[in-house]
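Thank you all for making the time. I would like to walk through one structure with you, going slowly from one helix to the charged pairs and then to the backbone.

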Amino acid sequence: EGGDHLLDEDGYLADLIVRARPARFLRETRQFAAWYGVSAGEIGTSALQDALPVAPKMWAKRMLRRIPSWINPELAKTCGLRQRMLTPRVPTLFPYRCQTVTYQDTLSPYFLLKLELAERDAASAGRETWYPFLDSRLVEFILSIPWHHRCRQGERKWLLRQAMTGVLPEPVSLRQGKGDWTQEMDQALAALCRRDPPEPLTNRSGMLERYVNVRGAGKMIQRYLRGDRRVRWDVWSLVALDHWLKVFWTEGGYRYAQRRATRQATVQHAEVALLR
């Protein structure tokens with residue numbers, strides 16, 4: 001974990017834009033997209049977003065960002081979700097866009113949550129997980145490298161491949177992609193959504209509506225079934241939330257709260273008895 005976030009180098013394309021290198025930007029965007037197996041337009045759009053100054057991006061967020069319709073509006077209001085969505089994740093601390101992107105990716109909420117889940121999963125099996133890519137000395141070293149030394153000819157993880165020359169076998173070091181289970185994921189998730197009720201809205205704990213606007217979530221599920229794959233992870237998050245609430249509230253937290261209340265009542269009763 002951490003290799004993609006620290007060394008995937010898509011941020012350097014934004015530096016090509018900022019430094020007015022249009023020919024090289026177009027060429028290396030196509031090369032980089034070929035390594036990813038996606039369209040050059042998708043990679044180029046991401047680079048353009050990274051190249052924009054903070055102020056225009058913040059104005060765009062204020063005008064375009066809305067609280068997702070599947071989130072309970074009372075919950076969003078209570079936790080100040082709107083303001084949190086409009087708060088910049090990180091100030092501009094670095095002279096190069098590639099440094100800012102690496103910093104953001106390595107400290108993104110998604111990645112930190114992923115690491116926390118992986119740590120809990122490993123601990124449940126009696127294992128300890130180490131993350132060599134996230135060693136603070138390596139992170140500081142990568143962040144100190146100027147943009148023009150971060151990549152060559154659109155090659156993904158160029159620095160890592162150079163460092164591992166003669167260490168890893170060539171079929172490994174030259175591999176361009178990785179396994180992709182997206183199609184299988186969609187097939188399984190769509191089957192869950194076609195159930196009656198849909199799996200994301202089963203509400204096993206009876207607490208789902210505290211967090212989810214069921215009507216808005218139902219519309220999103222129908223969009224997904226009609227082919228809108230952009231909401232894939234939102235739909236999957238609803239499935240995970242429902243199961244988490246069942247385990248935490250029904251099987252774990254609720255019973256813990258009951259035991260704690262019983263213990264507190266027992267202690268209070270003992271204190272009263274002693275005082276008497």
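What follows is a tour of selected local features in this model, which is a predicted one.

Let me begin with helix α3, which runs over residues 22-36 and therefore holds 15 residues, reaching 21 Å from its first C-alpha to its last, close to the 21 Å expected at 1.5 Å a residue. Which residues of α3 are buried? They are F25, E28, T29, F32, A33 and W35, and because they cover an arc of only 145° around the axis, they sit on the same side of α3. On the other side of the helix, A23, R30 and A34 are exposed. As for what the buried residues of α3 pack against, the partners are α2 (11-18), α4 (40-51) and α11 (158-163). After the helix comes G37, whose phi is positive, near 80°.

Before α3, in the loop between α2 and α3, we find A20, and here the backbone deserves a second look, since A20 has a positive phi near 55° in a residue other than glycine. Is A20 buried or exposed? At 59% relative accessibility, A20 counts as exposed, the cut-off for that word being over 50%.

I would now like to return to E28, one of the buried residues of α3, with a relative accessible area of 3%. E28 forms a salt bridge with R24, and the closest N and O atoms of that pair are 2.7 Å apart. Why are the two separated by about one helical turn? The reason is that E28 and R24 are 4 residues apart in helix α3. An α-helix has 3.6 residues a turn, so residues three or four places apart point the same way. R24, for its part, counts as partly exposed, at 22% relative accessibility.

E28 also comes up when we look at R152, which is placed in the loop between α10 (136-144) and α11. Leaving aside neighbours within four places in sequence, R152 is in contact with E28 and W158. R152 and Q31 are 121 residues apart in sequence, and their C-alpha atoms are 9.8 Å apart in space. At 32% relative accessibility, R152 counts as partly exposed.

Turning to the charged pairs more broadly, how many salt bridges does the model have by the rule used here? The count comes to 17. One pair within a helix is E116 with R120, whose side chains meet at 3.7 Å, N to O; both lie in helix α9 (residues 109-124), 4 residues apart, about one turn of the helix. E116 is partly exposed, with a relative accessible area of 42%.

The side chains of D242 and R204 also meet in a salt bridge, at 2.5 Å, N to O. This pair links distant parts of the chain, with D242 in helix α15 (residues 232-275) and R204 in the loop between α13 (182-193) and α14 (214-225), 38 residues apart. D242 is buried, with a relative accessible area of 0%, whereas R204 is partly exposed, at 31%. Which residues are linked with these two in a network of salt bridges? R195 and E199 are, so that the network is made up of R195, E199, R204 and D242.

The loop between α13 and α14 also holds P197, and the peptide bond from D196 to P197 is cis, with omega near 0°. N203 lies in the loop between α13 and α14 as well, and N203 has a positive phi of about 60° although it is not a glycine. N203 is partly exposed, with a relative accessible area of 24%.

Finally, a word about the surface. W59, M63 and L64 form a nonpolar patch there, with about 420 Å² of accessible area together. W59 has its place in helix α5 (residues 54-64) and counts as exposed, at 58% relative accessibility.

To close, I would leave you with two places to look at on the screen: E28, which forms a salt bridge with R24 and is in contact with R152, and the loop between α13 and α14, where R204, P197 and N203 lie.

Technical notes. Residues are numbered from 1 along each chain as its sequence is written. This is a predicted model: local features need pLDDT of at least 70, side-chain atom pairs count only at pLDDT 80 or more; totals for chains, interfaces and linings use all residues. Side-chain values use heavy atoms; hydrogens and water are left out. Buried means under 20% relative accessible area, exposed over 50%, partly exposed in between (1.4 Å probe, protein chains only). The arc is that of the directions from the helix axis to the C-beta atoms. Contact means heavy atoms within 4.5 Å. Patches are made of residues with over 30% relative accessible area and no salt bridge: like charges are joined within 9 Å, nonpolar side chains (Val, Leu, Ile, Met, Phe, Trp, Tyr) within 5 Å. Accessible areas come from the Shrake-Rupley method with a 1.4 Å probe; for residues, only the protein chains shown count as cover. A salt bridge is a side-chain nitrogen of Lys or Arg within 4 Å of a carboxyl oxygen of Asp or Glu.
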